[in-house]
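Here is a quick, friendly tour for someone meeting this structure for the first time. Have a look at the sequence and the model, then read on.

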Amino acid sequence: AAGAGAGLALGLPAWPVIDFAKFGPVEIQAMSRIKKISGPALHRNWVHIPHITQQDEADITELEAFRKSMADEAQRLGVKLTPLAFIVKAVVAALKSHPEFNSSMAPTNDALILKRYYHIGVAVDTPGGLVVPVIRDADKKGILDIAREIAELSRRAREGALKPEEMQGGCFSISSLGGIGGTFFTPIINAPEVAI
């Protein structure tokens with residue numbers, strides 16, 4: 001299998017092959033197309049990109065009050081205004097302040113390609129697996145426009161209707177476990193991006 005070969009290439013012992021059925025009933029469930037594609041890519045990213053996790057807390061009391069004050073306007077426009085739209089704008093501000101995070105490694109591995117555009121990927125959990133549609137030019141869009149675009153891309157992602165180009169060209173990805181809870185986690189960087 002590809003997994004066993006990959007382990008040997010890294011100098012790791014081969015993955016154990018076990019007949020789990022001898023311990024009790026089992027069911028074989030085929031992996032979705034998305035998982036078949038993303039699994040090896042995520043493994044590659046985890047192995048090849050150094051992952052350092054910085055965790056902190058932020059007081060968003062004022063942001064939440066502002067978001068709630070916009071609820072009527074958002075509803076009138078048919079938009080669900082979640083904290084994620086504000087996080088997209090905060091990421092853009094951070095990337096402008098720290099341009100090395102809005103970059104990719106040059107193919108020669110001796111330089112960074114600094115991007116002067118701000119296309120932000122937003123991870124969406126779908127029945128088939130995780131996909132990352134991209135909000136293009138997030139620096140030029142307002143909060144309500146971003147919220148509308150996130151909702152539309154998320155809906156189409158869950159329906160399996162995204163076009164390949166809608167998942168390409170991201171500078172930085174946001175992955176959130178807000179829907180299932182938890183405090184902190186370490187997502188895998190979405191190459192060729194350098195941070196998440």
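## P192 and its neighbours

Let's start with P192, which touches S103 and S104 once residues up to four places away in sequence are set aside. This is a predicted model, so everything here is read off predicted atoms. P192 sits in the segment after β7. S103 belongs to the stretch 103-105, which is β1.

Is P192 buried or exposed? Its relative accessibility is 57%, and because the cut-off for exposed is over 50%, P192 counts as exposed. The peptide bond that joins A191 and P192 is cis, with omega at about 10 degrees. If you want a sense of distance, try K141: the C-alpha atoms of P192 and K141 are separated by 24 Å, and the two residues are 51 apart along the chain.

## A small open sheet

Now for some strands. How many strands form the open sheet, and in what order? There are 3, arranged β6-β3-β7, and the pairing is mixed. The edge strands are β6, at 134-135, and β7, at 172-174, and each of them pairs on one side only.

Strand β3 covers residues 120-122, and it pairs with β6 in the antiparallel sense over 2 bridges. To spot this pairing in the model, look for I120, which stands opposite I135 in β6.

## Salt bridges in helix α3 and around K141

How many salt bridges does a search of the whole structure find? The count is 6. One of them brings together the side chains of E64 and R67, at 2.7 Å from N to O. Both residues are in helix α3, which spans residues 61-69, and being 3 residues apart there puts about one helical turn between them.

Are these two partners buried or exposed? E64 has 19% relative accessibility and counts as buried, while R67 is buried with a relative accessible area of 18%. The cut-off for buried is under 20%, so E64 at 19% makes it into that class.

K141, the residue we used for the distance from P192, has a salt bridge too. Its side chain meets that of E149, at 2.7 Å from N to O. Here both partners are partly exposed: E149 has a relative accessible area of 22%, and K141 has 23%.

## Charges along helix α6

Helix α6 runs over residues 143-158, and it holds both R148 and D145, which are 3 residues apart, or about one turn of the helix. These two form a salt bridge, with the closest N and O atoms 3.2 Å apart. R148 counts as partly exposed at 37% relative accessibility, and D145 is partly exposed as well, with a relative accessible area of 41%. Further along the chain, E152, R155 and E159 are linked in a network of salt bridges.

R156 is also in helix α6. At 15% relative accessibility, R156 counts as buried. Its side chain is joined to that of E166 by a polar contact of 2.6 Å. What else does R156 touch, not counting residues up to four places away in sequence? Besides E166, R156 touches A161, L162 and K163.

## A nonpolar patch on the surface

Which residues make the nonpolar surface patch? I18, F20, F23, V26 and I28 do, and the patch comes to about 590 Å². V26 is found in the loop between α1, residues 2-9, and α2, residues 33-48. With a relative accessible area of 48%, V26 is partly exposed. Residues in a patch need over 30% relative accessible area, so V26 at 48% clears that bar.

## Two residues with positive phi

Finally, a couple of backbone details. N109 has a positive phi of about 60 degrees, although it is not a glycine. You'll find N109 in the loop between β1 and β2, the latter being residues 112-114. N109 counts as exposed, at 59% relative accessibility.

D137 is another non-glycine residue with a positive phi, about 50 degrees here. D137 is placed in the loop between β6 and α6, and it is partly exposed, with a relative accessible area of 28%.

Terms used
Residues numbered from 1 in each chain as written. Predicted model: local features only at pLDDT ≥ 70, side-chain atom pairs only at ≥ 80, totals over all residues. Heavy atoms only, no water. Pairing = 2+ DSSP bridges. Helix = DSSP H or I, 4+ residues; strand = E, 2+ residues; numbered from the N terminus. Patch = residues over 30% accessible without salt bridge, like charges linked within 9 Å, V, L, I, M, F, W, Y side chains within 5 Å. Areas by Shrake-Rupley, 256 points an atom, 1.4 Å probe, with all protein chains shown as cover. Salt bridge = Lys/Arg side-chain N within 4 Å of Asp/Glu carboxyl O. Buried < 20%, exposed > 50% of the residue type's maximum accessible area, 1.4 Å probe, protein only. Contact = heavy atoms within 4.5 Å. Polar contact = N/O pair within 3.5 Å; in protein donor to acceptor, adjacent residues only side chain to side chain.
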